[in-house]
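User: I've got this one open on my screen and I'd like a close look at a single part rather than a tour of everything. Could you pick one sheet and walk me through how it is put together and what sits against it?

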Amino acid sequence: MLSIRSEFFNHFNQHPSLVVKSPGRINLIGEHTDYNHGFVLPAAIDKYIEVAIAKRTDGAIHMVALDLGETIILPIHNLAPHATQWVNYIIGVVDQVFNNLSSNETRLAAGFNICVHGNIPLGAGLSSSAAVECAVLFAINKLYNFSLSKMEMALMAQNAEHTFAGVQCGLMDMFASLHGQKNKAILLDCDSLAFTYYPIELKDYSIVLFDTQIKHALASSQYNTRRLECEQGLRIIQEKYTSVKTFRDISLEQVEACLVSKIYQRCKYVVEEIARVQLAVQDLAKGDMQAFGKKMFETHVGLSKLYEVSCPELDFLVEAVASNENVLGARMMGGGFGGCTINIIRKIAVEEITKELSAKYNQAMHKELSYYITSIEAGTHLVS
Ligand code: GLA
C-alpha cells in the first residue's frame, strides 16, 4: 500500500508537516435540491483523498498527483484556471483563501509542497473533486492556523468549484465530506444551512453502489443548464406570487398554474423532491426502511422522467432491481448522466444480486459493472 508520507519525502526530501484525509460522499435522498434551497441527506464514505503538505519559502506551489504520476509547479500569485483539471481543485481553494483572508496572504504566499493520492473512483459521482478541495483547504487551514470553520471551508470549496473547475455545483458534496460522522447521514437545510445528524442503522441491509463506469460528456453542461432552468421557473412563479422567495415556498399548484413544458417538469421535480426528503427523514426516524426505500425509487423516476438527468445505463440498473424483494430502494445518485446508483440491499442477497446484475449489465450495455459495498465514515480529518 502506498504511504503518502514516504512518497512525499521521496519527492521533496522533506517530511510533510501534516497529512489530511477527506472522504467521498453518498447521498441517500434529495438530489438536485441543494442549489434549489431544498434538503439533502448525504453521508461521508469509506473512500477518500489523502493529502500531505509542507510549507515552501519561494512563492511556488509544487503539486504531485501520485496516482497519476504527474507533477505541476506554479507560482502562487495570479492563479488562474489551469488546463489540467486536478490542479484546479488545489489552486481553486488557494485562490479562495487569498480572496477571503487577505490579512493572511503573506503567510500563504510563501508557497507549499503537496502530494495527493486517493481511492475514490474518478467520475463515479462520489465527489472525488470535492474531497480534494476539502482535503487541501483543511490542510492549509491547519498549517497556517486560519481558524476557518467547516462550513466556511465548505462554502469556499464550493466557490472554488464554480470559479476554477467550471461546475456551478451546490454545497452538498463539500459539506458532506467535511461534516461526515461515522454511521450518520446528515440532513442539510440548504436554505438556512442548519443540519441534523441521523443515525443510520441498516442491520440486515447494506448500502451498495453500482457503478455504470461511464461519465457522459453532457454531465457538467447539462448540470449548469438545469440550474438555469430552475432559476427561470422560480422567476416566472415569483412574477405571479410575489411572496415566493425560494423553491421552499412553492406549491405544486403554483407550478401547475405558472409553468409549461421543460421548465414545468424541472420545477415539479424539485418541489416534489423537497417534500419527499422531509417525509423520508421521518421514515428514517421511525426505522421504516421499506418506506424510505420506496421514496428512493420515486426520486429515480423524477430524476429520469422529469428532471432528465439519468441515462440508459442508470435506468437499466435501477429497473433491474426494482421488483427484487431484497432491494429496499435504488436510484441514480449525484449529478447524473453516469456514475453510480445507490441501493439498499439485504446483506445475504448482495452477492447474488451483484453477480446477476453484472451479467445482465454486461450483456445489455457491453460494459463492466463495478460495485462498492459502502460504510459511512467520519468527515475530513488529520491523520496522525
Ligand atoms: C453534484 C453536485 C451537487 C448536487 C448533486 C445533485 O454532485 O456537485 O452539488 O447538486 O450533483 O444532487
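Analyst: **The four-stranded sheet and its helices**

Let's start from one pair: Ile207 stands opposite Ile344 in strand 11. Bear in mind throughout that this is a predicted model. A second pair between the same strands is Ser206, whose bridge partner in strand 11 is Ile345. In total, eight bridges join strand 9 to strand 11, and the two run antiparallel.

Now step back to the whole sheet. It is an open sheet of four strands, in the order 10-11-9-12, and the pairing is antiparallel. Strand 10 and strand 12 are at the edges with a single partner strand each, so each has one side without a neighbour in the sheet. From one strand to the next, the twist averages 20°. As a general point, strands in a sheet pair through backbone hydrogen bonds, either parallel or antiparallel.

Take the strand 10 side next. Strand 10 and strand 11 run antiparallel and are joined by five bridges. Two pairs you can click on are Ala330, opposite Asn343 in strand 11, and Met332, opposite Thr341 in strand 11. These two strands form a hairpin with five residues between them, and Gly334 in the turn has a positive phi of about 85°.

On the other side, strand 9 pairs with strand 12, again antiparallel and again through five bridges. Here Phe210 stands opposite Tyr371 in strand 12.

How enclosed are the two middle strands? Counting a residue as buried when its relative accessible area is under 20%, nine of the eleven residues of strand 9 are buried, so strand 9 is largely enclosed by the rest of the structure. Strand 11 gets the same verdict, because eight of its nine residues are buried.

Part of what surrounds the sheet is helical. Helix 11 (312-321) packs on the sheet, touching strand 9, strand 10 and strand 11, and its direction makes about 10° with that of strand 11. Helix 12 lies across strand 9, strand 10, strand 11 and strand 12, and runs at about 15° to strand 9.

Helix 12 deserves a slower look. It covers residues 350-365, and at 1.5 Å a residue its 16 residues should span 22 Å; the end C-alpha atoms are 21 Å apart, which agrees. Its buried residues are Val350, Ile353, Thr354, Leu357 and Tyr361. Looking down the helix axis, they fall within an arc of 95°, so they line one face of the helix. That buried set packs against strand 9 (205-215), strand 10 (327-332), strand 11 (338-346) and strand 12 (370-374), and against helix 11 as well. The face turned away from the buried side carries the exposed residues Glu351, Glu352, Lys355 and Gln363. After the helix comes His366, which has a positive phi, near 55°.

Some of these residues also turn up in a nonpolar core. In soluble globular proteins, nonpolar side chains tend to be buried together. The largest nonpolar core in this model has 119 residues, and those with the most contacts inside it include Ile26, Met63, Leu108 and Phe292. A second, separate core of 15 residues includes Leu317, Ile345, Ala349 and Ile353. You have met two of those already: Ile345 is the bridge partner of Ser206, and Ile353 is among the buried residues of helix 12.

One contact is worth a click on the way out. Beyond its neighbours within four places in sequence, Phe292 is in contact with Ile344, along with Leu28, Ile29, Leu41, Ala280, Asp283 and Leu284. Ile344 is the residue we began with, the one opposite Ile207. So what picture should you keep? Strand 9 and strand 11 sit in the middle of the 10-11-9-12 order, and helix 12 lies across the four strands with its buried residues along one face, since they fall within that 95° arc.

Conventions. Residues are numbered from 1 along each chain as its sequence is written. This is a predicted model: local features need pLDDT of at least 70, side-chain atom pairs count only at pLDDT 80 or more; totals for chains, interfaces and linings use all residues. Side-chain values use heavy atoms; hydrogens and water are left out. The expected span of a helix is 1.5 Å times one less than its number of residues. Buried means under 20% relative accessible area, exposed over 50%, partly exposed in between (1.4 Å probe, protein chains only). The arc is that of the directions from the helix axis to the C-beta atoms. Contact means heavy atoms within 4.5 Å. Two strands pair if DSSP finds at least two bridges between them. Axes are lines fitted to C-alpha atoms, for helices over the stretch in contact, and angles run from 0 to 180 degrees between N-to-C directions. A nonpolar core is a set of buried Ala, Val, Leu, Ile, Met, Phe, Trp, Tyr and Cys residues joined through side-chain atoms within 4.5 Å.
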